[in-house]
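Me: Please take a close look at the salt bridges here, and then at the unusual backbone spots. I am in my first year, so please explain each term as you go.

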Amino acid sequence: MDAVRTHGHAHHDDHAHHPGGIMRWVMTTNHKDIGTMYLWFSFAMLLVGGTMAFVIRAELFQPGLQIVTPEFFNQMTTLHGLIMVFGAIMPAFVGFANWQIPMMIGAPDMAFPRMNNWSFWLLPPAALLLIISLFVPGGGPAAGWTMYVPLATQMGPGMDFSIFAVHLLGMSSIMGSINIITTILNLRAPGMTLMKMPMFCWTWLITAYLLIAVMPVLAGAVTMILTDRHFGTAFFNAAGGGDPVLYQHIFWFFGHPEVYIIAIPAFGVISQVIPAFSRKPLFGYTSMVYATASIAILSFIVWAHHMYTVGMPVTGQLYFMYATMLIAVPTGVKVFNWVATMWKGSLTFETPMLFAIGFLFLFTLGGFSGLVLSLAAVDVQVHDTYYVVAHFHYVMVAGALFSAFAGVYFWLPKWTGRMYDETLGKWHFWLTIIFFNVTFFVQHFLGLAGMPRRVPDYALQFTEFNVISSIGAFGFGVSQLLLPYIVIKAIRSGEKAPQRPWEGADTLEWTHLPSPPPYHSFQTPPVVK
């Protein structure tokens with residue numbers, strides 16, 4: 001009877017339950033609204049982190065100290081890293097997950113809609129804490145995004161703000177992951193077995209397990225810094241019997257899987273886009289699932305390849321070297337499968353496909369420089385140089401960001417019901433890929449020539465490549481302003497999207513089999529008699 005009463009009440013008093021205006025966004029439990037908020041938040045953070053990169057590249061445009069103090073420069077490199085990783089890239093893919101997973105598996109929403117709302121609303125305060133940290137006495141955190149001790153134990157209160165921000169971001173990730181796992185395991189449409197799910201759902205299922213496994217490790221590491229700073233412990237203080245290298249082990253046990261937490265959802269997006277624009281199913285679906293799982297498992301046993309220079313035994317270096325090279329195998333399988341999917345397909349090159357192919361070329365290049373760095377003898381030479389900076393930007397920007405752009409253009413018609421301006425999309429792609437390579441390709445040369453990372457000044461022989469890199473960075477940054485323009489233009493005045501915006505792409509988005517899904521989310525669900 002109570003249920004009937006409350007149902008009747010809800011029926012008559014709709015406004016109490018569906019607030020309008022800004023409250024709609026604050027209180028929403030709708031996976032699409034939450035996905036939208038994640039994506040806009042992520043873009044805002046991309047602009048903030050990008051502004052910090054501008055500061056870095058402006059200072060490095062010429063040798064000598066031009067624009068900022070060395071302290072502020074270090075705060076910029078630190079916050080640029082933290083904001084891009086935790087504020088821009090990860091929330092973008094969580095936004096995709098929120099939008100797409102329920103629709104791809106035929107679920108009405110995420111499993112825990114209220115928790116979904118909370119997961120998102122932990123992010124703005126965390127971002128605020130990171131930005132505010134710049135304005136407290138002693139300035140922002142300046143220990144690098146890795147927050148290495150002993151630097152991190154000696155900073156001002158800005159470091160405490162960052163530690164708290166990391167805790168909030170970790171809580172958000174863990175709750176989001178619990179939600180994704182529960183949704184995928186419990187809410188699939190009848191007949192959709194795990195091995196019939198779209199590849200994007202698989203990549204997020206695997207990523208969510210990674211997040212739950214490693215986020216508490218990061219929380220533990222920064223909590224130990226906090227107690228070392230304020231409560232007299234000496235986890236990382238050699239004078240008190242602690243060990244600063246212990247921090248690096250704990251951090252990278254989180255940090256290496258984190259790289260794949262960023263890359264694996266990107267693989268998922270690419271695995272939806274390439275089959276759609278090749279007009280054929282993903283080649284080797286099963287091997288793709290196993291390769292993704294292998295990468296995730298191997299990511300836990302390679303962490304100390306970030307630490308070849310700390311004085312570990314040669315046998316330890318040897319082990320981490322072989323284990324790291326092993327990750328190249330499943331990654332190679334994935335690249336082969338993407339190329340094989342395109343082989344003899346009816347290819348067209350709309351913006352999402354261009355970004356996917358850009359991803360394929362440049363991510364593979366980043367993978368090769370990673371293979372170079374896996375060799376202990378080579379890494380000792382280029383450790384903490386711009387070669388490493390070039391390597392991980394090829395993986396993070398050409399890997400994750402290009403893939404996120406591909407996803408936005410690919411799914412925008414589905415999200416908004418409108419088409420974006422294809423010409424502008426192609427401009428965005430070409431400007432982005434050209435300026436990206438101008439910025440980061442020359443950094444390989446700087447690193448091989450010995451220019452260290454995280455320095456506000458450098459020797460004269462590095463000038464030319466730094467000038468090129470900085471020009472590329474400004475071009476790259478300005479090009480990104482096309483994206484919000486294209487998206488808002490599509491929402492406001494784009495032409496109406498057809499039922500099948502990418503002809504032939506609709507069934508492939510659902511499943512690796514050519515058979516139709518329970519129903520496609522472009523259509524209304526079939527009426528059950």
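Reply: We will need one scale throughout: a residue is called buried if its relative accessible area is under 20%, exposed if over 50%, and partly exposed in between, calculated with a 1.4 Å probe and protein chains only. This is a predicted model, in which local features need pLDDT of at least 70 and side-chain atom pairs count only at pLDDT 80 or more, while totals for chains, interfaces and linings use all residues. Residues are numbered from 1 along each chain as its sequence is written, and side-chain values use heavy atoms, with hydrogens and water left out.

Side chains of opposite charge can pair when their charged atoms come close. A salt bridge is counted here when a side-chain nitrogen of Lys or Arg lies within 4 Å of a carboxyl oxygen of Asp or Glu, and under this rule the model has five salt bridges. Let us look at three examples.

Take Glu422 and Lys426, whose salt bridge brings an N and an O atom to 3.3 Å from each other. Both residues belong to helix α17 and stand four residues apart, which means that about one helical turn separates them. (Helices are DSSP runs of H or I with at least four residues, strands are E runs of at least two, and both are numbered from the N terminus.) Lys426 has a relative accessible area of 30% and is therefore partly exposed, and Glu422, with 22%, is also partly exposed.

The pair of Lys489 and Asp421 spans a longer stretch of the chain, and its side chains meet in a salt bridge with an N to O distance of 2.9 Å. Because Lys489 sits in helix α19 (residues 482-493) and Asp421 in the loop between α16 (386-416) and α17 (422-448), this pair ties together parts that lie 68 residues apart in sequence. Lys489 has 30% relative accessible area and so counts as partly exposed, while Asp421 is partly exposed because its relative accessibility is 25%.

In the third example, Arg24 and Asp33 form a salt bridge whose closest N and O atoms are 2.8 Å apart. The two partners fall in separate classes on our scale: Asp33 is buried because its relative accessibility is 11%, whereas Arg24, at 38%, is partly exposed.

Now to the backbone. Most residues other than glycine have a negative phi, and most peptide bonds are trans. Against that background, the bond between Val149 and Pro150 deserves a look, for this peptide bond is cis, with omega at about 0°. If you trace the chain to find Pro150, you will meet it in the loop between α7 (123-132) and α8 (151-154).

Lys344 has a positive phi, near 60°, although this residue is not a glycine. Lys344 is placed in the loop between α13 (314-342) and α14 (351-374), and at 74% relative accessibility it is exposed.

Asp384, again not a glycine, likewise has a positive phi, of about 60°. Asp384 also belongs to a loop, the one between α15 (376-382) and α16, but with a relative accessibility of 37% Asp384 is partly exposed, whereas Lys344 is exposed.
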